[in-house]
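Colleague: I would like to learn how to read a model like this one. Could we go through it feature by feature?

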Amino acid sequence: MTTPSRDLWAHLRQHTPARIALGRTGVSLPTREVLDFALAHAQARDAIHLPLDTEALCAELQQQGWPSPPLLLHSQARDRHEYLLRPDLGRRLDAESAARLGPTGADGPDLVLVLGDGLSALGIQQHGAALLGAIRRALDPAIRLGPLVVVRQARVAVADEVGERLGAAAVAMVVGERPGLSSPDSVGIYLTHAPRVGCSDAQRNCISNVRPAGQDLDTAARRLAWLFGESRRLGLTGVGLKDHSGLPLTGLPTPAESVPGLN
């Protein structure tokens with residue numbers, strides 16, 4: 001009977017969730033590793049296809065004390081199948097949703113927060129409400145927030161149309177990221193100054209891998225607050241705005257007094 005060979009790299013596994021030092025049985029992977037891979041793959045597929053429970057999400061947001069329920073909108077992608085086949089449809093609001101939004105006048109909000117299911121409704125379901133709460137705590141209370149918006153079948157760029165129609169100075173899109181084989185619940189935040197239909201990804205700043213096992217929610221929220229403050233000062237986001245916040249990429253937040261611009 002063949003026994004698994006000893007892997008001298010196995011001790012490194014305690015430092016990362018990545019698939020390293022898997023070992024082998026003969027010329028094959030151990031059965032346990034094959035089964036773990038199949039499970040992770042299934043979890044990633046489920047995260048993509050799981051529908052967002054907006055009723056539970058709204059209830060959680062209400063418990064957090066948001067002043068009004070979010071606006072529930074929908075992209076032009078009618079269902080998940082079309083959303084996956086036609087990314088362009090996920091970047092624009094459907095006619096009914098677009099009609100519900102209108103400019104708030106010349107003096108629009110400073111920032112609109114948009115929540116979208118993206119490619120991982122699981123990530124938004126598990127972390128969306130808590131992340132929005134952390135963002136609200138991290139932002140300067142003087143910032144005028146627009147109405148909270150939730151978009152189903154959403155791609156990142158759909159927030160550009162939301163921000164443009166509301167006359168917002170900036171929009172922050174909190175969206176489920178494409179699941180990896182060890183991160184089915186990851187969330188990304190995309191900040192765009194002067195949002196409008198047709199903005200390119202070069203005009204955004206991305207805060208990625210937001211989840212308890214990655215970049216923790218409070219740190220991500222404080223990073224967004226720092227980037228938003230700099231974007232207002234410079235009048236831009238994207239490649240011209242670099243993250244010099246000094247905040248860590250993972251782990252506990254750095255004390256505010258040690259981060260420039262946050263004290």
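Modeller: Happy to, and let's begin with salt bridges. Keep in mind that this is a predicted model. Side chains of opposite charge can pair when their charged atoms come close.

Colleague: How many salt bridges does the count come to here?

Modeller: The count comes to 14 salt bridges. One of them joins Asp117 to Arg80, with the closest N and O atoms 3.8 Å apart.

Colleague: Which parts does that pair tie together?

Modeller: Asp117 sits in the loop between β2 and α5 (121-138), while Arg80 belongs to helix α3 (residues 80-85), so the pair ties together parts that are 37 residues apart in sequence.

Colleague: Is Asp117 buried or exposed?

Modeller: Asp117 is buried, at 4% relative accessibility. Its partner Arg80 is buried as well, because its relative accessible area is 13% and the cut-off for buried is under 20%.

Colleague: What about the pair formed by Arg144 and Asp110?

Modeller: There the closest N and O atoms are 2.9 Å apart. Arg144 is in the loop between α5 and β3, and Asp110 is in the loop between α4 (95-100) and β2, so this salt bridge ties together parts that are 34 residues apart in sequence. Asp110 is buried, with a relative accessible area of 9%, whereas Arg144 is partly exposed at 36%.

Colleague: And how far apart are the closest N and O atoms of Arg204 and Asp201?

Modeller: In that salt bridge they are 3.1 Å apart. Arg204 is buried, with a relative accessible area of 7%, but Asp201 is exposed at 61%.

Colleague: Which residues are linked in a network of salt bridges?

Modeller: Arg92, Glu161 and Arg165 are linked that way.

Colleague: Let's turn to the sheet. How should I read one?

Modeller: Start with the pairing. Strands of a sheet pair through backbone hydrogen bonds, either parallel or antiparallel. In this model, an open sheet of six strands follows the order β1-β3-β2-β4-β5-β6, and its pairing is mixed.

Colleague: Which are the edge strands?

Modeller: They are β1 (71-74) and β6 (204-210), each of which pairs on one side only. From one strand to the next, the twist averages 20 degrees.

Colleague: How many bridges join β1 to β3?

Modeller: Four bridges join β1 to β3 (residues 149-152), and these two strands run parallel. To find one on your screen, look for Leu73, whose bridge partner in β3 is Val151.

Colleague: Which helix packs on the sheet there?

Modeller: Helix α6 (residues 158-165) does, touching β1, β2 (112-116), β3, β4 (170-176), β5 (187-193) and β6. The direction of α6 makes about 145 degrees with that of β4.

Colleague: How many residues of α6 are buried?

Modeller: Six of its eight residues are buried, which leaves α6 mostly covered. The buried residues are Val158, Ala159, Asp160, Glu161, Val162 and Gly163. You met Glu161 earlier, in the network with Arg92 and Arg165.

Colleague: What phi does Gly167 take, just after α6?

Modeller: Gly167 takes a positive phi of about 65 degrees.

Colleague: One last feature, then. How many disulfides does the count come to?

Modeller: The count comes to zero disulfides. Cys199 makes a good worked case: the nearest cysteine sulfur belongs to Cys206 and is 15 Å away, against a cut-off of within 2.5 Å.

Colleague: Is Cys199 buried or exposed?

Modeller: Cys199 is buried, with a relative accessible area of 9%.

Definitions and conventions
Residues are numbered from 1 along each chain as its sequence is written. This is a predicted model: local features need pLDDT of at least 70, side-chain atom pairs count only at pLDDT 80 or more; totals for chains, interfaces and linings use all residues. Side-chain values use heavy atoms; hydrogens and water are left out. Two strands pair if DSSP finds at least two bridges between them. Axes are lines fitted to C-alpha atoms, for helices over the stretch in contact, and angles run from 0 to 180 degrees between N-to-C directions. Contact means heavy atoms within 4.5 Å. Buried means under 20% relative accessible area, exposed over 50%, partly exposed in between (1.4 Å probe, protein chains only). A salt bridge is a side-chain nitrogen of Lys or Arg within 4 Å of a carboxyl oxygen of Asp or Glu.
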